[in-house]
Amino acid sequence: MMESSIVNRQQANVLSSLIQRDLRAFSTAKIDGTVDGKQNGAMEVRKKLMGHLEDAWHKCFQDLPTAKARQLAHKARDRHESSQHDLTYGEVTFGTLAQILCEDLKNSGIESTGTFYDLGSGTGRGVIGAALIGSFDRVCGVEMISELHEAALGVKEEFVERVAPGIGYDCENGPEIKFVEGNLLRADWSDADVVFINSTCFSKELMEKISQQADRLRPGACIITLTQPLTSSYFDILKSIKYDYSWGTATTHIQVRSEKPSQNAEQKTRYWSKKIPGKKDFGALFDGYTSA
């Protein structure tokens, strides 16, 4: 899944527990005898570890599949003032989040540490994933739909009381896991180090408002958006790459807060100048999105 051989303290605890349970599997970790054989063995061990963490992540949501979460969102969104497209529901996959946090950010010189926010966090898949994958001190989800927020609180309870102890994950010494019910435009996420936003269906107006708040972040802070980049000139696009999500593929933009206006401001201007007739609320591009 990933090439990195580095694990954090929590992952080391999980790995130790996993080895004790399945010593034979780890004692036969393939080392091919080449010069980099030890590195290849470490990569295989890490692959086993990440697979174990993904299994734990899925256990948290076994009673809350994406289809059920989407139903909760669709039933509730008529109560809100936002565009219907702004509240369209979709979820991140564990593999995609792991690739972003462990590889893409690292290769861009960004650490998965400090405070992580998922804005529009739904049932909490991104938040729980960040707790398992990253080395954050705090992971926080902001969700305005009450039904999804309540579901996320239930997922947190499942993770803390049953799933985490079962894999050797020490919640008391792990990141603070928090879910906030509210509008992401009214929430305070100015202390963020890494922010994830599923923005595929967000309107340009909403992206502009998010970008205004994003300007408050410290230089070096990272914001990950889907399909649509921020409109702010203070964010450099370091990488744009297509990944799979619950609804299909989406271009994932990794952007970092700079001290001065971005060098690729013209690129953003060209992006946002594109028009799709009849799809005003969906931004400029769809990246394989199919409405559910």
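## The sheet

Seven strands, in the order β3-β2-β1-β4-β5-β7-β6, make up an open sheet with mixed pairing. The edge positions belong to β3 (176–181) and β6 (235–245); each has a single partner strand, so one side of each has no neighbour in the sheet. From one strand to the next, the twist averages 15 degrees. The model described here is predicted.

## The β6 and β7 pair

At the β6 edge, the partner is β7. Strand β7 covers residues 248–257, runs antiparallel to β6, and is joined to β6 by 10 bridges. One of the residue pairings can be named: phenylalanine 235 has arginine 257, in β7, as its bridge partner.

## Helices on the sheet

Helix α6 (residues 125–133) packs on the sheet and touches three strands: β1 (113–119), β2 (135–143) and β3. The direction of α6 makes about 180 degrees with that of β2.

Helix α7 (residues 146–167) also packs on the sheet, where it touches β2 and β3. Between the directions of α7 and β3 the angle is about 165 degrees.

## The chain as a whole

The chain has 292 residues, and 53% of them are buried. Its secondary structure consists of 9 helices and 7 strands.

Of the contacts between residues at least 6 apart in sequence, 72% join residues that are at least 24 apart. The exposed area of the chain is about 13800 Å², and 48% of this area comes from carbon and sulfur atoms.

Technical notes: Residues are numbered from 1 along each chain as its sequence is written. This is a predicted model: local features need pLDDT of at least 70, side-chain atom pairs count only at pLDDT 80 or more; totals for chains, interfaces and linings use all residues. Side-chain values use heavy atoms; hydrogens and water are left out. Two strands pair if DSSP finds at least two bridges between them. Helices (H or I, at least four residues) and strands (E, at least two) are DSSP runs, numbered from the N terminus. Axes are lines fitted to C-alpha atoms, for helices over the stretch in contact, and angles run from 0 to 180 degrees between N-to-C directions. Contact means heavy atoms within 4.5 Å. Buried means under 20% relative accessible area, exposed over 50%, partly exposed in between (1.4 Å probe, protein chains only). Accessible areas come from the Shrake-Rupley method with a 1.4 Å probe; for residues, only the protein chains shown count as cover.
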